[in-house]
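Biologist: Could you take a close look at one part of this model for me, the largest pocket, and walk me through its lining and what sits around it?

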Amino acid sequence: MAKIRFDVRHRFDQPVRVVWDELVDWEGHADWIPATKMEVEPGDPTEVGREFTARSGFGPVALVDTMRVVSCDWDDAAGSGDCRVEKIGPVLFGHAGFTVTPDGDGSVVDWVEDIEMKRLPKFLAPVAGKLGALGFKQGMRGLAKQLSHATEAGQTAAGEEQGQR
């Protein structure tokens with residue numbers, strides 16, 4: 001197994017809570033992570049033990065990534081959130097997570113992936129890490145664009161009026 005670690009930071013023009021709500025909407029990840037479909041158990045997405053699966057790719061060339069929520073906490077006093085998931089296979093193992101913190105009138109997301117990838121030779125880990133970071137940067141830009149359009153329309157990306165979540 002190859003060990004892969006990368007960090008991605010992205011600034012959003014939207015308030016922390018709006019960005020947080022979109023990030024913990026696991027099903028919604030399919031709207032902004034390229035070539036990804038999500039399978040999500042019904043219920044509270046931040047509940048410890050909640051499982052969901054991302055399938056990224058096309059047809060038989062898709063990466064299946066099953067995850068379980070380890071912690072997912074919104075702090076009203078600080079106006080920030082922190083969420084961690086465990087990657088439980090079948091190809092990716094390890095941990096990933098994100099924090100959303102205030103930044104002026106917007107917010108910052110720090111996303112971290114610390115994983116092992118089954119069947120990937122160790123010498124390819126640096127390349128996989130760079131590709132993973134590139135994919136997440138593209139995803140963050142996609143989410144920012146989606147949120148910008150939703151803000152202009154006065155709604156969150158999930159189609160709900162802002163402040164109603």
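Modeller: Start with α2, which gives the most to the lining of the largest pocket, at eight residues. Keep in mind that this is a predicted model. The pocket itself has a volume of about 850 Å³, and 40 residues line it. If you want to centre your view, go for Ser56, Leu63, Leu92, Gly132 and Phe136, the lining residues that lie nearest the pocket's centre. Besides α2, the elements that give two or more residues to the lining are β1 (2–12), β2 (36–40), β3 (51–58), β4 (61–75), β5 (80–90), β6 (92–103) and β7 (106–117). Sorted by class, the lining comes out as 27 nonpolar, nine polar and four charged residues.

Now back to α2, since the helix has a packing partner too. Two packed helices are described by the angle between their axes and the distance between those axes. Here, α1 (residues 16–23) packs with α2 (residues 125–152) at an angle of about 120 degrees, and their axes are 12 Å apart. Angles of 65 to 115 degrees would count as roughly perpendicular and those over 145 as roughly antiparallel, so α1 and α2 are oblique to each other. The crossing of α1 past α2 is right-handed. On the α1 side, the contact uses Val18, Val19, Glu22 and Leu23, and they meet Met140, Leu143, Gln146 and Leu147 of α2. By class, that contact splits into six nonpolar residues, one polar and one charged.

Over to the strands, where β4 is one of the elements on the pocket's list. Val64 is found in β4. Setting aside neighbours within four places in sequence, Val64 is in contact with Thr53, Ala54 and Arg55, and also with Gly89, Pro90 and Val91. Two of those partners deserve a second look: the peptide bond from Gly89 to Pro90 is cis, with omega near 5 degrees. Pro90 belongs to strand β5, which also gives two or more residues to the pocket lining. Asp31 is another story, as its C-alpha atom is separated from that of Val64 by 17 Å, with the two positions 33 residues apart along the chain.

One last backbone detail for your checks: Ala35 has phi near 55 degrees, a positive value in a residue other than glycine. You'll find Ala35 in the loop between α1 and β2.

How values were computed. Residues are numbered from 1 along each chain as its sequence is written. This is a predicted model: local features need pLDDT of at least 70, side-chain atom pairs count only at pLDDT 80 or more; totals for chains, interfaces and linings use all residues. Side-chain values use heavy atoms; hydrogens and water are left out. Axes are lines fitted to C-alpha atoms, for helices over the stretch in contact, and angles run from 0 to 180 degrees between N-to-C directions. Helices (H or I, at least four residues) and strands (E, at least two) are DSSP runs, numbered from the N terminus. Angles under 35 degrees count as roughly parallel, over 145 as roughly antiparallel, 65 to 115 as roughly perpendicular and the rest as oblique. A crossing is left-handed if the near helix is turned anticlockwise from the far one by less than a right angle, and right-handed if clockwise. Contact means heavy atoms within 4.5 Å. Ala, Val, Leu, Ile, Met, Phe, Trp, Tyr, Cys and Pro count as nonpolar, Asp, Glu, Lys and Arg as charged, and the others, Gly among them, as polar. On a 1 Å grid over the protein atoms alone, a cavity is a set of points where a 1.4 Å probe fits but cannot get out, and a pocket is an open set with protein on both sides within 12 Å along at least five of seven lines; lining residues have an atom within 4 Å of a point. Grid points are joined across faces, edges and corners, and a volume is the space filled by probe spheres set on the points.
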